[in-house]
Amino acid sequence: MSYFDAVYESVLPHRAVAVYMYLRDRAGKTDCCWPGINTIARDLKLSRSTVKRALADLESAGRVVREARFRDNGGRSSWLYRIKL
């Protein structure tokens, strides 16, 4: 079963499916990507809060693992998203 089939057959809300497909597309062969929430929201034409809810849905379903990233000066950067099947 491909990741497309798995996510479409899941009980995830449509917002989570859209964000999952976006992250999957951005990740390429590495299964990792790091777009900011504002970027995801702008590209998918969703609100920031909808993207945050979708990411929470994906995390609780085990489809995405978020890892904090930091700049050299210690400041926060965008999340690293590891895409799971």
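**Exercise 1. Is R24 buried or exposed, and what does its side chain touch?**

*Solution.* Start with accessibility: R24 comes out at 16% relative accessible area, so it counts as buried (buried is under 20%, exposed over 50%, partly exposed in between, with a 1.4 Å probe and protein chains only). Before going on, keep in mind that this is a predicted model, where local features need pLDDT of at least 70, side-chain atom pairs count only at pLDDT 80 or more, and totals for chains, interfaces and linings use all residues. Residues are numbered from 1 along each chain as its sequence is written, and side-chain values use heavy atoms, with hydrogens and water left out.

Next, place R24: it is in helix α2 (helices are DSSP runs of H or I with at least four residues, strands are runs of E with at least two, both numbered from the N terminus). Then look at its side chain, which is joined to the side chain of D31 by a polar contact of 2.7 Å. A polar contact is a pair of N or O atoms within 3.5 Å; within protein, one must be able to donate a hydrogen and the other to accept it, and residues adjacent in sequence count only if both atoms are side-chain atoms.

Finally, check the partner. D31 lies in the loop between α2 and β1 (32-33), and at 28% relative accessible area D31 is partly exposed.

**Exercise 2. Find residues that have a positive phi although they are not glycine.**

*Solution.* Begin with the background: most residues other than glycine have a negative phi. D31, the partner of R24 above, has a positive phi of about 65°. K45 is another case, with a phi of about 60°. K45 lies in the loop between α3 and α4, and its relative accessibility of 73% makes K45 exposed.

**Exercise 3. Work out the fold outline and which element gives the largest share of the largest nonpolar core.**

*Solution.* First the elements: there are 4 helices and 3 strands, running α-α-β-α-α-β-β from the N terminus on. Of the 85 residues, 35% count as buried.

Now the core. The largest one has 20 residues, and L23 and Y81 have the most contacts inside it. Here a nonpolar core is a set of buried Ala, Val, Leu, Ile, Met, Phe, Trp, Tyr and Cys residues joined through side-chain atoms within 4.5 Å. Two or more residues come from each of α2 (14-27), α3 (37-44), α4 (48-60) and β3. The winner is α2, with 8 residues.

Then zoom in on L23. Leaving aside neighbours within four places in sequence, L23 is in contact with C33, P35, I40, L55, V64, Y81 and I83, where contact means heavy atoms within 4.5 Å.

**Exercise 4. How many salt bridges are there, and where do E67 and R82 sit?**

*Solution.* Searching the whole structure gives 6 salt bridges. The criterion is a side-chain nitrogen of Lys or Arg within 4 Å of a carboxyl oxygen of Asp or Glu.

Take E67 and R82: their side chains meet at 2.5 Å, N to O. This pair links distant parts of the chain, with E67 in strand β2 (residues 64-67) and R82 in strand β3, 15 residues apart. E67 is partly exposed at 29%, and R82 is partly exposed too, at 30%. Elsewhere, salt bridges that share partners join R26, R42 and D43 into one network. Within it, the closest N and O atoms of R42 and D43 are 3.6 Å apart; R42 is exposed at 56%, while D43 is partly exposed at 36%.

E59 and R66 make another bridge, with the closest N and O atoms 2.8 Å apart. E59 is partly exposed at 31%, and R66 is partly exposed at 24%.

**Exercise 5. Which arginines sit over the ring of W79?**

*Solution.* The test asks for NZ of Lys or CZ of Arg within 6 Å of the ring centre and within 35 degrees of the ring normal. R66 passes, its charged end being 5.0 Å from the centre of the W79 ring. R76 passes as well, lying over the face of W79 at 4.6 Å from the ring centre.

**Exercise 6. Where is L85, and how far is its C-alpha atom from that of R24?**

*Solution.* L85 sits in the segment after β3 (80-83). L85 is exposed, at 56% relative accessible area. Its C-alpha atom is separated from that of R24 by 9.9 Å, with the two positions 61 residues apart along the chain.
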